[in-house]
Amino acid sequence: MSAIDPHLPELPSSVELGIGQGGLAVARVFARTGTAEIYLRGAHVSAWEPTDGSPVIWMSEQSEYAPGVPLRGGVPVCFPWFAAHPTDATAPSHGFARLADWHLAEARDAGDDVVLVFVLTDTEATRASAWPHPFEARYTVTVGAELSLALQVTNTGSLTVGFEEALHTYLAVADIRQTEVTGLEGAPFTDRLTGPRPAETTPVRFDAETDRIYLNSTAATTVTDAATGRRITVTKQGSASTVVWNPWIDKAAAMADFGDTEYTGMVCVETCNIRDNAVTLTPGASHEMSVRYSVA
Ligand code: TA6
C-alpha cells in the first residue's frame, strides 16, 4: 500500500508518481537501462529513452494535456475501435481508452527493467458509449534498453464481442525525408488517401502524406533514420495489422496540436488488429497483442 494513494501498489524506488503537464498524473520510470514517462490518462507512454541513446518516442510540442483531448504523440492506446467509429459520428476517434483514466495496478523491478501494469475496466461512461460491453484491459509496460508493450483484453461479459485495437506509436526520427520503413515489402496495403494498392518491392519512403493500412501482416518492421544511422526495430505478437503514417505538410498544419514543421521528426508505425483483423472474444476469453521496440 502506498501513502500517496491507498489503491496504489507499493512502488519500487525506480518508479515515481507525480504531476505532469496539464496537472495530469504521470508515472516516471528510472530503470537501470532506460527511462520512461507514462500518463495515467490513457496509460499513455509519452517518453522512452534507453540510457545509451536518445529519445525514441516522439511527442508534439503542441500536445494538449486537457480532459477529453488525447495527447499528441507517444503511444496512444486505441481501443475498442480504430479511427472514426463506423456508425456513431459523436464517438471519439480511436476509441475511449486513450481518454480514460487507467489504474496503476502493479509496479516492480525485473532485473535491469521495470514493469508496470495499468488496468482499465468498463465504467458507466464506457457502458454508455458506442461499445457498451463489459471488459478488462491490462496493459503491461516494460521499460529498459528496449520498450515492450502488451495489451491484454478480457471479455468479462456474457456476450461474444468484437473490437479493434492499436498501439499507435509515434517514433522519433531526425528527418522523415531520409527515413525508410522496411519489412512490409511484398505486402498489399490500403492507402487511406488513394485506396487499395498492390504490394511494393521497395521500402516505405516518405515524400507526401502517408497513411497506409497493411492487413494480415505479422511482419516485424525496421525504421531506418539515415540522418543519424539509427535503426528502430518493431517486433510484434498477436497483431495482424500494421499502419504507417506521416501527416506531411498540409495535415500537420491542419492539426492544432501538431506543429507545422514537426512532421519531419516523426513517423507512426502502429501495431494493430483493425478492420478484417478485428478481434472476436467469446465470454471469458482473453486476447493479447504485444510489441517490442529495440534500437541499434
Ligand atoms: O494512424 C493513422 C490515423 O488513422 C490517421 O488517419 C490520423 O487520423 C491519425 O491516425 C491520428 O488520429 P488522431 O485521432 O489521433 O488525430
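Visitor: How many Å separate an oxygen atom of the ligand from an N or O atom in the side chain of Glu-270?
Guide: This is a predicted model. Glu-270 is one of the residues around the ligand. Between an oxygen atom of the ligand and an N or O atom in the side chain of Glu-270, the distance is 2.6 Å.

Visitor: What percentage of the area that the ligand exposes when taken alone does the protein bury?
Guide: The side chain of Glu-270 has an N or O atom 2.6 Å from an oxygen atom of the ligand. Taken alone, the ligand exposes 390 Å². Of that area, the protein buries 87%.

Visitor: Where does the ligand sit?
Guide: The residues around the ligand include Phe-82, Trp-245 and Lys-251. Arg-72 has a side-chain N or O atom 2.9 Å from an oxygen atom of the ligand, and for His-168 the corresponding distance is 2.8 Å. The place where the ligand sits is the largest pocket.

Visitor: What is the order of the strands in the open sheet of nine strands?
Guide: General background helps here: strands of a sheet pair through backbone hydrogen bonds, either parallel or antiparallel. In this open sheet the pairing is antiparallel. The order of the nine strands is 6-7-8-9-23-19-18-13-16.

Visitor: Which strands stand at the edges, each with a single partner strand?
Guide: The order of the sheet begins with strand 6 and ends with strand 16. Each of these two has a single partner strand, so one side of each is left without a neighbour in the sheet. The edge strands are therefore strand 6 (103-110) and strand 16 (204-205).

Visitor: Which residue of strand 23 stands opposite Ser-148?
Guide: Strand 9 (residues 147-154) is mostly covered, with six of its eight residues buried. Strand 9 pairs with strand 23 (residues 286-295) in the antiparallel sense, over eight bridges. In strand 23, the residue opposite Ser-148 is Arg-292.

Visitor: Which residue in strand 9 is the bridge partner of Tyr-139?
Guide: Strand 8 (residues 136-143) also pairs with strand 9 in the antiparallel sense, over eight bridges. These two strands form a hairpin with three residues between them. The bridge partner of Tyr-139 in strand 9 is Leu-151.

Visitor: Is Tyr-293 buried or exposed?
Guide: Tyr-293 belongs to strand 23. Its C-alpha is 5.6 Å from that of Thr-233, although the two residues are 60 apart in sequence. A residue counts as buried under 20% relative accessible area. Because its relative accessible area is 0%, Tyr-293 is buried.

Visitor: Which residue in strand 19 stands opposite Thr-224?
Guide: Strand 18 (residues 221-225) and strand 19 (residues 230-237) are joined by five bridges in the antiparallel sense. Opposite Thr-224, strand 19 places Arg-231.

Visitor: Which residue in the turn between strand 3 and strand 4 has a positive phi?
Guide: Strand 3 (residues 34-39) pairs with strand 4 in the antiparallel sense over six bridges. Five of the seven residues of strand 4 (residues 44-50) are buried, so strand 4 is largely enclosed by the rest of the structure. The two strands form a hairpin with four residues between them, and the residue in the turn with a positive phi, of about 80°, is Gly-42.

Visitor: How many Å lie between the backbone oxygen of Thr-261 and a polar atom of the side chain of Thr-264?
Guide: Thr-264 is located in the loop between helix 2 (248-254) and strand 21 (266-273). With a relative accessible area of 19%, Thr-264 is buried. From a polar atom of its side chain to the backbone oxygen of Thr-261, the distance is 3.1 Å.

Conventions
Residues are numbered from 1 along each chain as its sequence is written. This is a predicted model: local features need pLDDT of at least 70, side-chain atom pairs count only at pLDDT 80 or more; totals for chains, interfaces and linings use all residues. Side-chain values use heavy atoms; hydrogens and water are left out. Two strands pair if DSSP finds at least two bridges between them. Buried means under 20% relative accessible area, exposed over 50%, partly exposed in between (1.4 Å probe, protein chains only). A residue is near a molecule or strand if one of its heavy atoms lies within 4 Å of it. A polar contact is a pair of N or O atoms within 3.5 Å; within protein, one must be able to donate a hydrogen and the other to accept it, and residues adjacent in sequence count only if both atoms are side-chain atoms. Accessible areas come from the Shrake-Rupley method with a 1.4 Å probe; for residues, only the protein chains shown count as cover. On a 1 Å grid over the protein atoms alone, a cavity is a set of points where a 1.4 Å probe fits but cannot get out, and a pocket is an open set with protein on both sides within 12 Å along at least five of seven lines; lining residues have an atom within 4 Å of a point. A molecule sits in a cavity or pocket if more than half of its atoms lie within 2 Å of its grid points.
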